[in-house]
Amino acid sequence: MSDKPHQNLAVIGHVDHGKSTMVGRLLFETGSVPEHVIEQYREEAEEKGKGGFEFAYVMDNLAEERERGVTIDIAHQEFDTDEYYFTIVDCPGHRDFVKNMITGASQADNAVLVVAADDGVQPQTQEHVFLARTLGIDELIIAVNKMDLVDYDENKYEAVVDEVNQLLQQVRFSTDDAKYIPTSAFEGDNISEESENTPWYDGPTLLEALNELPEPQPPTDAPLRLPIQDVYTISGIGTVPVGRVETGMLNMGDNVSFQPSDAGGEVKTIEMHHEEVPEAAPGDNVGFNVRGVGKDDIRRGDVCGPADDPPTVAETFQAQVVVMQHPSVITAGYTPVFHAHTAQVACTIESIDKKIDPSSGEVAEENPDFIQSGDAAVVTVRPQKPLSIESSNEIPELGSFAIRDMGQTVAAGKVLSVNER
């Protein structure tokens, strides 16, 4: 573990705009992937007739290894800069991104948006920016990538910057803080060193921009909330729930409660990176053992919290949602699947309370009959089975969700208030 402050970084953007290559390049430039590994991938890529894909290969091979290697750690890619050590929470793949966005990118502090200079803003670019905004990512660094494909043309770069700026204004992202960098992940321009190919650009490189990000303040003083990702049985220890501490502290000896399963007991051991630790803080991925809690008592989607301040279980909740893509209209009675932290629960939209103008945040219409793609609204939601979720103004880390239906993300939102069961 590094003694530098930690940042979770989402790498977002359209699927073919070079995210994998960008991530591979960042890992390589910061020495997180040794030269000989890159060489090996380069040979492999050339043999398969995919010369130049070696950085993307780094990511894809790590992904495959992760699929095969069952470890208790939730494997991520990590790299160090002068100021921070970063964990990349989005590993490429759009479907995964949207699924993991709640269990992954919603926990990102900041994001790098990759937009190809030759292609500009695509629907997926918009969707990712929208999600990042709804889920409370604070700062965006925009890498205008693939500059090598447009001969490092400043006008092409400026055109993409204008396009992205308009998109950010549409979703009320602060455009003042957004940093734009002309890059080529493929050639390595402006990633760790200034590029001679862009003499017209005098801003920071990507690594400098990452160093300049503000330091996130961990939510240690909030009550403990630890969504469960998996429950294992480990010989010699017993039942081991695994998850990531979102808020508060987990200490040995704590009395904890798992909701909505309503099991609980005393924390006997906490393990992180295969070592026993006395406590765990926000951002830590841990496995822990609780006296008296068996494998069948708890499940993925439960949230662990203090026994005297247990996680909230919702009878209904009111939320602000943004509809990204829906083939028709959404009316009261619609029952899609809500993905909140690690839980996936079918929920019914009982009423559409008001429609909101997404550009101003003002109420546009009270009790509308329906909402459709592009609309923002306040809705009342009833989970079809018990769901632990928190109001986003109290515990934002557990107050956001994605709505999925027909194999795609239909909407994303945040919880305004919870009516407890």
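Which residues do ring pairs link into a cluster? Ring pairs join Phe 79, Tyr 84 and Phe 86 in this way, and the views below start from the whole chain and then come back to these rings. Keep in mind as you look around that this is a predicted model.

**Figure 1. The whole chain, with its seven helices and 23 strands.** Start here to get your bearings before the close-ups. The protein chain has 421 residues, and buried residues make up 53% of them. Among contacts with a separation of 6 or more, 72% are between residues 24 or more positions apart. The chain exposes about 18,200 Å², and carbon and sulfur atoms supply 42% of that area.

**Figure 2. Aromatic rings around Phe 79 and Phe 86.** The whole structure holds eight aromatic pairs. One of them is formed by Phe 79 and Phe 86, which are stacked, with 5.1 Å from centre to centre and 15° between the planes. The planes count as stacked because the cut-off for that label is under 30 degrees. Both Phe 79 and Phe 86 are buried. Look for Tyr 84 as well, since ring pairs link Tyr 84 with Phe 79 and Phe 86 into a cluster.

**Figure 3. Phe 317 and Phe 401, an edge-to-face pair.** Here the ring centres are 6.0 Å apart and the planes meet at 65°. Why does this pair tie together parts that are 84 residues apart in sequence? Phe 317 lies in strand β16 (residues 313-323) and Phe 401 lies in strand β22 (residues 400-405), so the pair ties those parts together. Phe 317 and Phe 401 are both buried.

**Figure 4. Strand β1 and its parallel partners, β3 and β4.** Strand β1 covers residues 6-13, and seven of its eight residues are buried, so the rest of the structure largely encloses this strand. Strand β3 (residues 85-88) runs parallel to β1 and is joined to it by four bridges. To find one of these links, look for Asn 8, whose bridge partner in β3 is Thr 87. Strand β4 (residues 110-116) also pairs with β1 in the parallel sense, over five bridges. Here, Val 11 stands opposite Val 112 of β4.

**Figure 5. Helix α1, a mostly covered helix.** Helix α1 spans residues 19-29, and ten of its eleven residues are buried. Among the buried residues are Lys 19, Met 22, Arg 25 and Phe 28. Just after α1 comes Gly 31, with a positive phi of about 75°.

**Figure 6. Helix α2, with a buried side and exposed residues on the face turned away from it.** Helix α2 has 13 residues (35-47), and at 1.5 Å a residue these should span 18 Å; the end C-alpha atoms are 18 Å apart, so the model agrees with the expected span. Which residues of α2 are buried? They are Val 37, Ile 38, Tyr 41 and Ala 45. These four cover an arc of only 95° around the axis, so they sit on the same side of α2. A general rule helps with this picture: an α-helix has 3.6 residues a turn, so residues three or four places apart point the same way. On the face turned away from the buried side, you will find the exposed residues His 36, Glu 46 and Glu 47. Following α2 is Gly 49, whose phi is positive, near 70°.

Note on methods:
Residues numbered from 1 in each chain as written. Predicted model: local features only at pLDDT ≥ 70, side-chain atom pairs only at ≥ 80, totals over all residues. Heavy atoms only, no water. Phe/Tyr/Trp six-rings, centres within 6.5 Å; stacked < 30°, edge-to-face > 60°. Buried < 20%, exposed > 50% of the residue type's maximum accessible area, 1.4 Å probe, protein only. Helix = DSSP H or I, 4+ residues; strand = E, 2+ residues; numbered from the N terminus. Pairing = 2+ DSSP bridges. Expected span 1.5 Å × (residues − 1). Arc of directions from axis to C-beta. Contact = heavy atoms within 4.5 Å. Areas by Shrake-Rupley, 256 points an atom, 1.4 Å probe, with all protein chains shown as cover.
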